[in-house]
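Me: Please take a close look at the nonpolar surface patch of this model, and then set it beside the nonpolar interior.

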Amino acid sequence: MSQINFGMLLNTYLVPFGLKILAAIAIWIIGTIVINAFARLARRALSLRHLDPTLANYAISTIHVALRIVLIMAIMEVCGISTTSFAALVGAAGVAIGVAWSGLLSNFAAGIFLVVLRPFKVGDYISAAGQTGTVTEIGLFMTIMTTDNNLRVYIGNNKLFADNIINYNVNATRRVDLRCQLSAEVDSAAAIALLTEKVSRIPNVQTTPAVSVSIVEFNALGTLLGIRLFAATPNFGQVNNDTNTVIAETARSAGWPAPATYQVSVPSQAAPPVPAAPVPSPQ
């Protein structure tokens with residue numbers, strides 16, 4: 001009798017349940033392969049259309065998430081779980097998760113605005129949220145940057161979108177602003193003419209607008225000069241470094257003394273003697 005009951009239990013419950021588990025595993029494996037293949041085809045199609053890498057990565061991430069949800073719902077149908085009740089459960093859980101994960105949802109919304117408004121794109125060199133580097137990826141919830149010292153930084157999209165963003169790649173040219181402190185013994189007019197000549201010869205310095213060397217202020221050290229010139233954005237770093245080198249070499253070859261403060265001591269004059277009080281005469 002027990003063998004019959006076990007056989008009925010095996011045929012009625014265990015075998016169908018095992019088949020459903022195997023079917024679910026097979027659907028998950030095949031579905032994952034299909035999703036990855038579809039994502040690769042979609043990425044290739046977007047690249048052939050020369051779509052912006054930022055939009056392409058965002059679209060591929062969205063496709064992955066959407067297809068995964070569809071795959072999970074298909075597996076639940078195979079296992080006999082009603083997706084209607086699952087949808088209601090997801091809706092109720094979504095409200096709770098939305099309250100608990102408001103920051104995550106705000107990052108998702110900010111990511112959409114970053115893609116639509118496009119203050120920057122993948123490959124731009126930006127400064128935002130206290131970090132400066134090259135944008136390597138704009139994801140659904142966070143943006144990935146690579147700093148100058150080759151560190152990977154993950155920044156939440158909401159924090160990034162709420163902060164001031166400086167994009168160094170938007171404009172074709174950038175201005176180099178440097179200063180040169182002269183000693184009080186140096187002729188400022190001759191120094192301006194010499195620096196203008198030397199700086200104008202630096203490679204990749206634009207002739208329009210022309211190089212400008214002018215007096216910024218007079219201070220205790222002497223005369224402070226401001227050197228302003230323009231360079232193409234890709235050449236900014238090279239021009240900035242070369243200008244500093246030219247300023248140092250020009251000062252050394254011209255024999256300009258190093259700026260230094262001077263203290264002039266003025267001897268204090270002795271105070272006049274105070275006359276003595278008269279001594280009263282004896283009566």
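Reply: Phe17, Leu19, Ile21, Leu22, Ile25, Trp28, Ile29, Ile30, Ile33, Val34 and Ile72 make a nonpolar surface patch of about 1,100 Å². Such a patch joins nonpolar side chains (Val, Leu, Ile, Met, Phe, Trp, Tyr) within 5 Å, from residues with over 30% relative accessible area and no salt bridge, that is, no side-chain nitrogen of Lys or Arg within 4 Å of a carboxyl oxygen of Asp or Glu. Accessible areas come from the Shrake-Rupley method with a 1.4 Å probe, and for residues only the protein chains shown count as cover.

The model is predicted: local features need pLDDT of at least 70 and side-chain atom pairs pLDDT 80 or more, while totals for chains, interfaces and linings use all residues. Residues are numbered from 1 along each chain as its sequence is written, and side-chain values use heavy atoms, without hydrogens and water.

Helix 1 (residues 2-48) gives the most to the patch, with ten residues; helices here are DSSP runs of H or I, at least four residues, and strands are runs of E, at least two, numbered from the N terminus. Trp28 lies in helix 1 and counts as partly exposed because its relative accessibility is 38%, between the limits for buried (under 20%) and exposed (over 50%).

Turning to the interior, the largest nonpolar core has 22 residues, of which Leu225 and Leu229 touch the most other members. A core is a set of buried Ala, Val, Leu, Ile, Met, Phe, Trp, Tyr and Cys residues joined through side-chain atoms within 4.5 Å. Strand 6 (173-183), helix 6 (188-200), strand 8 (222-232) and helix 7 (236-254) each supply at least two residues of this core. A second, separate core of 14 residues includes Leu114, Val115, Ile138 and Leu160.

How values were computed
Buried < 20%, exposed > 50% of the residue type's maximum accessible area, 1.4 Å probe, protein only. Patch = residues over 30% accessible without salt bridge, like charges linked within 9 Å, V, L, I, M, F, W, Y side chains within 5 Å.
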